[in-house]
Amino acid sequence: MTPSAPLDRRTFLRATGAAAVAASLAGCSQMTTSGDDDTVLSPPENHDRIENADLPHPIYGEAIPEATVPAPLHDRSVTTTEFTGDRHVMLTFIYTSCTTVCPGLTAALRRVQADARERGYADEMAFLTTTFDPEYDTAEVLEEYGEKHGVDYDAGNWYFLRPETPEDARAVVEETFGVAFERGGDSSGMHGGDMNGTNSSDDGGMDGGEHGDHARHFVHTSLILLVNKDGVVERAYTGGSPPGNDILEDARAVVEGW
């Protein structure tokens with residue numbers, strides 16, 4: 001991984017603003033299985049506008065970016081493209097101290113994991129959850145967090161990824177996957193209010209949850225990717241956890257339509 005330069009305000013605002021655009025445009029789900037040769041799902045509503053929005057994260061029809069990140073609970077590293085040809089993949093990006101948006105992102109993947117186990121497609125899926133707070137999110141913290149949120153480790157398809165340093169986290173989470181984040185309490189002035197003038201409830205916007213005996217605050221955008229076995233993005237969900245059963249139905253459709 002290539003360490004990133006420090007996040008400047010313009011980069012952050014571009015990422016958060018673009019993600020907010022995506023939140024308003026991409027929070028839809030179509031269940032038909034009439035996608036092109038690379039996808040099962042049809043393009044999301046307003047896909048043409050999304051394509052022109054210069055979003056920082058991968059969108060429908062694009063190849064998943066490649067990054068190799070330690071998976072401390074598996075004593076190895078995981079490359080985000082290593083499941084291509086073998087499994088569909090769901091990815092998201094969190095920090096465990098979060099008490100607002102990140103638990104919802106984790107729960108969304110967890111619902112699909114449980115459904116996969118119940119319906120017999122657990123071997124068709126892999127779940128990658130990457131922390132952008134490696135200073136606090138040790139292997140032990142991640143394992144405890146997973147247990148608290150009901151992750152089924154026995155299924156053997158859930159990987160917590162932990163970049164080795166904050167710089168590596170920046171390179172993977174923000175520069176590679178387009179999920180902007182900023183530690184609160186600094187001089188950026190970007191915590192404690194809406195991001196780029198957008199609704200903070202929309203894109204994982206504001207998060208300053210206190211947790212246990214410490215307080216860690218990050219402002220961040222949110223992203224869940226549903227990627228098919230060819231390594232192509234079927235859905236990019238922004239604006240927090242997808243509503244209703246959208247993500248569950250999309251995952252089923254991709255598995256059944258493959």
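**Is Phe132 buried or exposed?**

Phe132 is buried, with a relative accessible area of 2%; here buried means under 20% relative accessible area, exposed over 50% and partly exposed in between, using a 1.4 Å probe and protein chains only. We will come back to this residue after a look at its surroundings.

**Before you start**

What you see is a predicted model, in which local features need pLDDT of at least 70, side-chain atom pairs count only at pLDDT 80 or more, and totals for chains, interfaces and linings use all residues. Residues are numbered from 1 along each chain as its sequence is written, and side-chain values use heavy atoms, leaving out hydrogens and water.

**The chain as a whole**

The protein chain has six helices and eleven strands. These elements are DSSP runs numbered from the N terminus: helices are H or I with at least four residues, and strands are E with at least two. Of the 258 residues in the protein chain, 54% count as buried.

Contact means heavy atoms within 4.5 Å. Among contacts between residues at least 6 apart in sequence, 71% join residues at least 24 apart.

**A five-stranded sheet**

Five strands make an open sheet in the order β5-β4-β3-β10-β11, with mixed pairing. Its edge strands, each pairing on one side only, are β5 (158-161) and β11 (233-237). Neighbouring strands are turned by 15 degrees against each other on average, direction ignored. Axes here are lines fitted to C-alpha atoms, for helices over the stretch in contact, and angles run from 0 to 180 degrees between N-to-C directions.

Two strands pair if DSSP finds at least two bridges between them. Strand β10 (residues 224-227) runs antiparallel to β11, and four bridges join the two. If you would like one of these contacts to look for, find Leu226, whose bridge partner in β11 is Arg235.

**Tyr237 in the edge strand**

Tyr237 lies in strand β11 and counts as buried at 4% relative accessibility. Not counting residues up to four places away in sequence, Tyr237 touches Ser222, Leu223, Ile224, Leu226, Pro242, Asp246, Ile247 and Asp250. Tyr237 and Ile59 are 178 residues apart in sequence, yet 9.0 Å apart in space from C-alpha to C-alpha.

**A helix across the sheet**

Helix α3 (residues 101-119) lies across β3 (88-94), β4 (125-131), β5 and β10, and runs at about 160 degrees to β3. The expected span of a helix is 1.5 Å times one less than its number of residues. For the 19 residues of α3 that gives 27 Å, which agrees with the 28 Å between its end C-alpha atoms.

The buried residues of α3 include Val101, Leu105, Ala108, Leu109, Val112 and Ala116. Just after the helix comes Gly120, with a positive phi near 85 degrees.

**The aromatic cluster**

Now back to Phe132. A search of the whole structure finds ten aromatic pairs. Rings of Phe, Tyr and Trp (its six-membered ring) pair if their centres lie within 6.5 Å; planes under 30 degrees apart count as stacked, over 60 as edge-to-face and the rest as tilted. Phe132 and Phe218 form an edge-to-face pair, 5.5 Å centre to centre with 75 degrees between the planes. This pair links distant parts of the chain: Phe132 is in the loop between β4 and α4 (139-148), while Phe218 is in strand β9 (residues 218-220), 86 residues away. Phe218 is buried too, with a relative accessible area of 5%.

Phe218 also forms a tilted pair with Phe181, at 6.2 Å centre to centre and 55 degrees between the planes. Phe181 lies in strand β6 (residues 181-183) and Phe218 in β9, so their pair ties together parts 37 residues apart in sequence. Together, Tyr95, Phe132, Phe181 and Phe218 form one aromatic cluster. Arg170 lies over the face of Phe181, at 4.2 Å from the ring centre; a charge sits over a ring if NZ of Lys or CZ of Arg is within 6 Å of the ring centre and within 35 degrees of the ring normal.

**Asp133 beside the rings**

Asp133 has its place in the loop between β4 and α4 and is buried, with a relative accessible area of 1%. Leaving aside residues up to four places away in sequence, Asp133 touches Tyr95, Arg216 and Phe218.

**A hairpin**

Strands β1 (residues 68-71) and β2 (residues 76-79) pair in the antiparallel sense over four bridges. Val69 has Val78 as its bridge partner in β2. The two strands form a hairpin with four residues between them, and Asp75 in the turn has a positive phi of about 55 degrees.
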